[in-house]
Amino acid sequence: MLTHHYTVNNQKLSKQDLDTCSKLLKKGELVAFPTETVYGLGANALDPFAISKIFVVKNRPMDNPLILHVDSIEMAKKYVTDFPPIALKLATIFWPGPLTLVLNKNELVPDEATANLLTVAIRIPSHPVAISLISACGFPLAAPSANLSGKPSTTEVKHVQDDLEGLVPAIIDGGKSTFGIESTVLDLTSKIPTILRPGSTSIRQLEMVLPKVIFKDKSTSKEIAKSPGMKYTHYSPKASVIIVKGSPQNVCKKINEISDEQTGILCIKEHAHLYKKGQVIVLGSKKEPNQLASNLFESLRMFDKLKVTKILAEYPEYGELKEAVVNRLEKASGGNIIIT
Ligand code: TXA
Ligand code: MG
């Protein structure tokens, strides 16, 4: 398949390109597009055949449900049995933005989009191109992250091309994703709102609005997670990832002990000079912890290009989005952690 590329200027697609891309979606084709979190691989969420293409192209397990991207609260309300006051409150505060709400779905949502669950995950993305695309279509876009299943999510168009060139008819280049980590998935169908996946809306932001919110990090546990996607291997570069956790001195000593020239080392800027061997990639500075989130997937993909044999990663527990960053890195490591 020939992949066509479209470029965003000043956060906007030209009218002609928007028209072409929305026509593709209306015909049941897939379009990769930018969001503020990561790139998405969009399909008409109301068309089971279009949805099935997402699963084929990504090689995504069929029991992993998709997020519906809408352009307004009105559009979100169309696809749920009830939009409770708590959803309205959260949507008013956090939408458009990186918060996905899990609500009870109605019959308009095909079972293919929700992997036969009775619930549906919905959000309004804040990227203007994503919103204009949904509005031009007039239907919600089902969109997982635009990567092959198991690989790190895509935060720049070059990653999308690495994974999907030739497999999809259109890729929209919107530059680097602002957050770089996916949305927070919050289940509002349980008694107490429950975070199923930590993400770019921080737990502290939610705690400021909700009287009670549950977050049990199951990323490394064998327990079946309620968010089905969380049980699969995820975000994995080619080389295996080992997290090293402990005091900075111990972590540095351990990494120097077990690394060689072919080892990839993922660390914060403040520690980069301490590593004597291996190929060091700086995730960012602990003084600007949002960099750690926005650079994570890019860094994991860079190790593939460097052809390292293993990756030793410092435990990056800094800043507002620390649970989300740690969760992604733990998933990338398959729970492989050295505590020193
Ligand atoms: O930021 C994001 O959320 C990005 C952009 C493109 O919007 N999308 C994204 O989609 O990360 P995906 O498919 O890679 O991850 C969706 C997550 C999975 O963990 C999935 O299991 C969960 O949301 N999910 C979707 N529908 C659900 C539902 N009805 N109940 C529980 N979890 C659900
Ligand atoms: Mg994903």
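Ile 268 sits opposite Gly 284 of strand 14 in this predicted model. That pair is a handy place to start, since it takes us straight into the pairing of two strands. Strand 13 (residues 263-268) and strand 14 run in the parallel sense and are joined over five bridges.

Now zoom out to the sheet they belong to. It's an open sheet of five strands, ordered 14-13-15-12-16, with parallel pairing. Strand 14 (279-284) and strand 16 (337-339) are the edges, each pairing on one side only. Going from one strand to the next, the twist averages 25°.

Next, the helices that pack on this sheet. Helix 8 (residues 248-258) touches strand 12 (240-245), strand 13, strand 15 (310-314) and strand 16, and its direction makes about 170° with that of strand 15. Helix 9 lies across strand 13, strand 14 and strand 15, and runs at about 160° to strand 14.

Helix 9 has a helical partner too. The axes of helix 9 (residues 290-306) and helix 10 (residues 322-333) come within 10 Å and cross at roughly 15°. Angles under 35 degrees count as roughly parallel, so that's what we call helix 9 and helix 10 relative to each other. Their crossing is left-handed.

What does helix 9 bring to the contact with helix 10? Leu 292, Ala 293, Leu 296, Phe 297 and Leu 300. On the other side, helix 10 meets them with Val 325, Arg 328, Leu 329 and Ala 332. By class, that contact has eight nonpolar residues, no polar ones and one charged.

Methods: Residues numbered from 1 in each chain as written. Chains lettered and ligands numbered in written order. Predicted model: local features only at pLDDT ≥ 70, side-chain atom pairs only at ≥ 80, totals over all residues. Heavy atoms only, no water. Axes fitted to C-alpha atoms, helices over the stretch in contact; angles between N-to-C directions. Helix = DSSP H or I, 4+ residues; strand = E, 2+ residues; numbered from the N terminus. Parallel < 35°, antiparallel > 145°, perpendicular 65-115°, else oblique. Left-handed = near helix turned anticlockwise from the far one by under 90°. Contact = heavy atoms within 4.5 Å. Nonpolar A, V, L, I, M, F, W, Y, C, P; charged D, E, K, R; others polar. Pairing = 2+ DSSP bridges.
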